[in-house]
Structure formats: structure tokens, C-alpha cells
Amino acid sequence: MSTHPPQQQSEEPAAEQSTDSAATESDHHHDHAAEPRRDVGDQTDETEHEPDANEDTREIKVFRYDPEVEAKQEPRFDTFHVPFTKGMTVLDAVIYARDQFDPSLTFRHSCRQAVCGSDAFFVNGQQRLGCKTQLSELEEPVRIEPLPHQDVVKDLVVDMEHFYEEMEAVDPYFDPDETPDGELEEQRQSRANREKVKMSTRCIWCGACFSSCNIAAGDNEYLGPAALNKAYRFAMDEREGDSKTQDRLETIEQEHGVWRCQTQFSCTNVCPKDIPLTEHIQELKREAVKKNLKFW
Amino acid sequence: MYEHDVVVVGAGGAGLRAAIAADEAGADVAIVSKLHPVRSHTGAAEGGINAALRDADSWEDHAYDTMKGSDYLGDAPAIETLCQNSPYEVIQLEHWGMAFSREDDGRVSQRPFGGLSFPRTTYAGAETGHHLLHTMYEQVVKRGIEVYDEWHVLDLAVTDEERPEDRHCHGVVGYDVASGEVSGFKARDGVILATGGPGQAFDHTTNAVSCTGDGQAMAYRAGVPLEDMEFIQFHPTTLPSTGVLISEGVRGEGGILYNADGERFMFEHGYANNDGELASRDVVSRAELTEVNEGRGIEDEYVHLDMRHLGEERITDRLENILHLAEDFEGADGLDEPMPVKPGQHYAMGGLETDENGETCVGGLYAAGECACASVHGANRLGGNALPELIVFGKRAGYHAAGKEMEPAEIETGQRGEFERATVDSPVELGDPGSFGDAVADGGAVAASGSADADSVLDSTVEQARQRIDTLLHSDGIHHSEVRADVQETMTAKVNVFREENGLKEALREIRQAREEYENVAVSDPSQTFNTDLLQTIETRNLLDLAEAITVGALARDEFRGAHWRAEHQERKDDEWLKHTLLSWNDGSPELWFRPVVLEGEEKTYKPKTRSY
């Protein structure tokens, strides 16, 4: 798996790309100043003028690629000067750039409040949710790239299929031995147990952790932090039976499971919901040992 | 062409619940959604799910509260169905492992919410919708239900008989966002729309960018009436700069609203002498804007919501998510300072007319969730009543579409039974600006001819969708975003919490102008790959129809009921207006009619009373 579009040859890792991308930029530099263009007829025209000196703008450099459009088949960075308003987020900035400069600029987004998990981007070298990242906290120019280690579909859109497959590989659903007989009878859970799994249930499937993980980058079958966290959510739930818990531990301790984790904490550092992912993985390792399972 | 027994459009709470129910009933069901299911806007719901679970509570009390909250415009059979079934559906979610907040004895917690006579709102922190959505998606995965995610539904394949009540829906046309493939999805037994509300018709909204009312607009154009569209809920506590929602749970736990003078205005200015901050949402929203309009707002824009006195432990235990939202989106530390809040568009009470089983008047076509109007919420929805609606009516629609035997509905749909035709005093012509039959401008007219067989209806609808895309991709013109922005500004300025006759008429003129401008839209991105420019252009067309419907309803209803406030008509007119507003798309031109509200419940008739809190 590579950060780059499927057909691209470059092996340049994501981290380097963020510090030095002059090569990709120089040949294909497209500069859009803060002068809205509203007609769509002249789409291929490049505007190269400087932003109005009186206006407070921020410079963003956005990764562009489209396998079908000739001018975009070679990946490049486009520069946009976006008028700055207080509270403006990275998502606000790319929306402005799309609606005012280039309607073909493509990215996923929906809720704008960090619950739908659509807009995880690689911003100034780190996985972040566009909607909850303040532009004012970033160094300029702000580089906005698709999530590394996933195939790029177009611009900032990556193929999430592999991530979803890993999430679904851990039996990601509650599976108790039995439920209460009465249709209105609750299957009680202690407050302590709910507290124990609480953070793990906050995952919004944004894929930031998975993208940040070096192990996942090198081992295509590694379940990765998000899926392991999902397994943790159920393995630690007191309402599931012992044999199911045992099944779950067997799933996560297989060759591409918890033992691959090298506790680098990159996942925990980038998680926009503050889930202690590495801790959860460590706890699963301890549980697996306690249950006397074999090591890899 | 893809083919299934039941096709569910949309993968939020109602869509997922419908799919699970149809699967349980033995149908081959597929979900088609423009987003991956976990991205759906149900995930943003914060507060909770109302359910009469405890001995001291009863579904009858829940029904009474809901009817009163609706300002007597909800239909009793729908309200009673909701309240009777909600406890079973909540416990079903519990049995599916949903991470509800718990009491010391391990049972699910409940808290007070606005307009409720009993603390019956079950919740999972301040992120109930997130847990509900993910729990239900887990069940979809467990059952192996087929999901076509990032397939954007463009149109419905409906026959074109003269009367909508004679038409039949045979499926939908989908557009694969990743590849640009256009394909029919044939539904042997039924299509269930669970596509959410039209919040993006407004520019200050808690709703996601995806909430463009696609299902409502498509079904409206295919003949399903839109009901009570003028009733838009403005949530009293949204963050001023983004519209991000601060849950009613904050007030449920004891949060207090203050104006710029530090007055607890809900009491001190007499807006709700009994319930104060926990009065119904419409009451609190109007109170806030009145404070601002009379010069007691902060920065002339907002009021303060203070929860500091609740203490860090309680806040962290029950409202932790609110701290993050206030910090990330407004830079306010809720433990240390009051949070700025103002009303924002939040929910559409109206929607596609359905009965208690989710059926519309078009055969084989169902709707559930926010896109539907059964009607449970009438003129105003109570907090905590949206999520139970998703699961109760999603399930019923799923069962019914899959052919499970159910009690016949009591609520009538379509122009049958008792109804009256009406007109509205619009300053401009409504509906399509003269180019009916043009695939771009009319958003996909009814494509079939007569009662053609299912395959040919689908084929012609698919062909029409392809032509529409082709035209949009290969012409020059203006970008849709300016049309959309104009409409959003109009709606927020003139069809907001306070509505005046002149403002509403002005809004209709501006929407008309936007419709004319839309005739000249074009898509500049030529790509077949993930062409969001194309899809948003199509969504904007849907918003135009819905903005117009909301405004027409608002102008027609010359009374003050629930969320609908009219400057010139300051009282609820029960003699004249105990009826639903319906709007039918008649050859490109909206036709207004009314149907009486159903106040007769299973065992009693609800008598309209003064609604005070």
C-alpha cells in the first residue's frame, strides 16, 4: 500500500513527502488567489495572481490527483489563498477553495462536528480531522494531503475498503450467550464495566490511526488499531460469555493481531476522539497471556 | 441492474432499522446510501431516546406529552404507536449491546428532557445517536445485509398514472460515486426512503452537509405529498459560529440560560414560569431571540448557557462530549465559563406523508425517519422523540415492505377520505420555471408511461438520469454553490423563528429567482471518479423544491402553532387549523390541500389545551 495513487511509481514515504515536496510541486504549480471565480466554463484557466494585500488570507497547498482527468493524472499540489475568518478550520478552508476557486476539488465531509469521521486528512504531516483542526494553529503554508498508506481515489479521497475489511474481520457486534427472556428486561451492565469500555465505543471509523501506523503500512493483513479497539470493546464487555471472549482473544492474537503492535503510540497520538488505542491493545495482549494463549 | 426484494435508501437509524426488520422478515434486502452507514447524520444526535420503561411511567403519559408538544397537530394513531413501541425498541438496542449510560443497579439511566412529565429519556452520554448508529450497523454486519455504500440515489422508478394513488414504485436509480456508473436497483417488494431531513436549506443549521432532503424531493416529484413542511424546529442551543449542537441534555441536567444582564430570562422575563430552561424547544428559541432583539443579547447575537454549577464530576460523567464540542468549535471551556448559544435549524417536523406502517400513497414506496411525516411531531418535536421515531417506524416500514402481516393503518394517505383543496397567495409562480420535461431542470420527471412493467419503468428512469448527468457535465454555466448559498441565506433571513407575511413572500420571490438561475447550472468537473461537484449540483435542485415547500406552507398557515410563529397571527386557531398542510407536485406545479388532524386515539380523544410550560 502506498500513499500515492495506484499507478504511481514513487516510493516516497508520507513523512518525507510532508517535509519536501518541491519535486511534485514545481512542475504542476497551480495558484489560486482569493478572487472568487464563479463561472465554470473556464475551468482549466490557471489564475496566478497574488492575493489582495489588504486581505487576511491563509495559504493552503492541497494534493490533487484524478486518474481520469488528463491534467490531474500526474499528482501535484495546488495552492489556494483563502480569506481567513476567526474559528476557520481546515475543512472550512478546503470548502472555500472548492466553492470559490475549483469545484473539482474533492474530499469527503459531512457532519462538520467530528462525529461522522469522513474528513481525516494528512495536514502538515499529521493525521487530523479537517473539521476540528483550527487553521490558526497551523504553520503556513498548510499542506493538506490524503491519508497516507491508503490508495488515493481522487484528491483527498482515499479508498477506505481495506480499513472497513479489517474493522469487519473482528466480529464487530455484540454477541452474548443469552439475552433476558422478557422483551422489556434489561441485560444489566455495571457502571464500572460501562466505564471500562466507554472510550473504546467512541471510535468514528475515520481511519486516522490506521493511516498513522507503521506496522499497518508494512503488513497488509495487520488488523490495525481501530479494529483491535473494536475487539477490545466487546472482549472487555462483561455481558458477553467466556467462550465468546475466548474466541475474540484468539482472533486478535493471531499472526496479524496484537503482537504486531510495537507500542509506538502513533495511533493514540492522532486519534481525534482521544481513545487510548495503544493501551487497549496492550490490555488485549495481557488478557491473551492470562488466557494462556500462544505467542507469535 | 441490481435486484432485491426490498431496497432501503439511506443508512442512518431509520434505514438500518428498516433493513434489519426486512431481513428478519425473510426478505432479500439491500441498503443504498450516498454515505457509508457510519457517516450518517443519526450519529450526531446527542440527547437521547424517550421510552416509558419504568413502573411510575406509562406510554399514555408519553403520548400525552408528545401530543401536547406537537401543539395538537400530531396524529394520535402515530403518536400512540411511537409511545407503545419505544420501550421495546430501546430494550432491543440494549440487547444488541448499545452502550447506554447506567444506574448503580445496572439498568439504563433516564434523564429529564424538555416537555416531558417524567424523566424518560434514555441516553448514552451526550452521544446517544453515535452509539445507536454504530450498534445498528454492527447488527447489519452480523446479518450480512448487502450495503451499496457511496451509491447516490438520483431518482425513483415510479409509474406515471394520473393519480399518485394509482402509481407504483419499482425501484431506484443509483450513481456509484467512485466510478460514475449509473444503474437501476429493482425492488420486487418495496423501496423504503430513510434519507433524512432538508436542514441544508438553511445556512445556520446543526444538520450535516449531506442533509439535503434528497428522498423527500424525489418522492415529492413522483407524487408523494409533502406534509406540514412549514414546521421547522430551531434548536435553542447551537454554537453561534458553526451551528454545532449543544445537547438539550445540558439543560436536562440543570444547565441555565442567562442574558447579557445576567438574568435567568426564562423565568425572569416570564417565558416559561414553570419549566424555565426545560420548556419546549420552540418556546426557548423564541425567548432567546426575543432577548437578543430587545438588546439583552451578548454581542447582539447570542445568550449564555451555563453548566459550571453542575460540577466537573457530573459534567464529565454525563456531558463530556459537550466539553469537547464547545472547546473545538467555539473555543469555550464549559467547566470554566458559560457557553455561547443561539437558535439554529435542527429538525423538520414535516416530510413525506405516510401512515403508521411507513406507507406512502404511491404503491411500494415507504418512508421512515426524519424524511417522513406520520405525523408524530406535529407542529413541534420534543427532544428525545426523534431517535425512537427512527427505530419504531423504521422497523415497521421494514416489516411491511417485506410482507409481514401487520394491522392495517388508521391514517389515510393521498387524496382519499376527508380532505380539502386550497390555494396560497403566492407573489410568483411556483414550481418548475417553465421547462418541465427538461431532465436537468425538472430533476427527473416521472419517466414511465402508464402502468408499464417494472423493468421498462426502471430502464427509462435510468436512461433519463444518464441524460441528466450528461447534460450537466457537458454544458457551460454557473456553479450551483451560489444558487445554494442564496437559498440558504433567504431561508435563514426570512423563514426563521419569526415569520412575517412580507418576508415569506419575499422569500418565495427569491426562491423563484434561484430556480431560474438553476436552469443555467453546469458541472465543471468532467470526471467519472468521485464527482462531488455533480452530486452537489443535483442535491441543490432538491433543496430548491424543499425550500419552496417550507415557505409555501409557512405562508398558507396564518396562525401561530408550535414552531410556526406568524407576526400577523399571534394565536393558535383551532377552529380553522386543526389540519395538516399538504403539498402535491402536480406536473411541476405545487398544489396545496389540507387534511384534518386525527386526535382520536385508541381509548381517548386528545382535547386541544393551551400549551404552557
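## A four-stranded sheet in chain B

In this predicted model, strand β11 of chain B pairs with strand β14 (residues 339-348) of chain B in the antiparallel sense, over five bridges. If you would like a spot to look at along this pairing, find B:F234, which stands opposite B:Q345 in β14(B).

The pair belongs to an open sheet of four strands in chain B, with the order β11-β14-β13-β12 and antiparallel pairing. At its edges lie β11 (232-238) and β12 (256-258) of chain B, each of which pairs on one side only. From one strand to the next, the twist averages 45°.

## Where chain B meets chain A

Let's turn to the contact between the chains, which takes 47 residues from chain A and 51 residues from chain B. On the chain B side, the elements that give two or more residues are α3 (76-95), α4 (128-143), α9 (312-330), α12 (480-494) and α14 (532-556). Of these, α4(B) provides the largest share, six residues.

What is the make-up of the side of chain B that touches chain A? Its residues divide into 20 nonpolar, 19 polar and 12 charged.

## Two domains in chain A

Chain A has its own internal contact to explore. The domain assignment gives domain 1 (14-36 + 47-157) and domain 2 (161-177 + 185-290) of chain A. Here, 14 residues of domain 1 are in contact with 12 residues of domain 2.

Strand β5 (residues 126-129) of chain A gives the most to the domain 1 side of this contact, with four residues. That side of domain 1 comprises seven nonpolar, five polar and two charged residues.

Notes:
Residues numbered from 1 in each chain as written. Chains lettered and ligands numbered in written order. Predicted model: local features only at pLDDT ≥ 70, side-chain atom pairs only at ≥ 80, totals over all residues. Domains from an automatic or database assignment. Contact = placed C-beta atoms within 7 Å. Nonpolar A, V, L, I, M, F, W, Y, C, P; charged D, E, K, R; others polar. Pairing = 2+ DSSP bridges. Axes fitted to C-alpha atoms, helices over the stretch in contact; angles between N-to-C directions.
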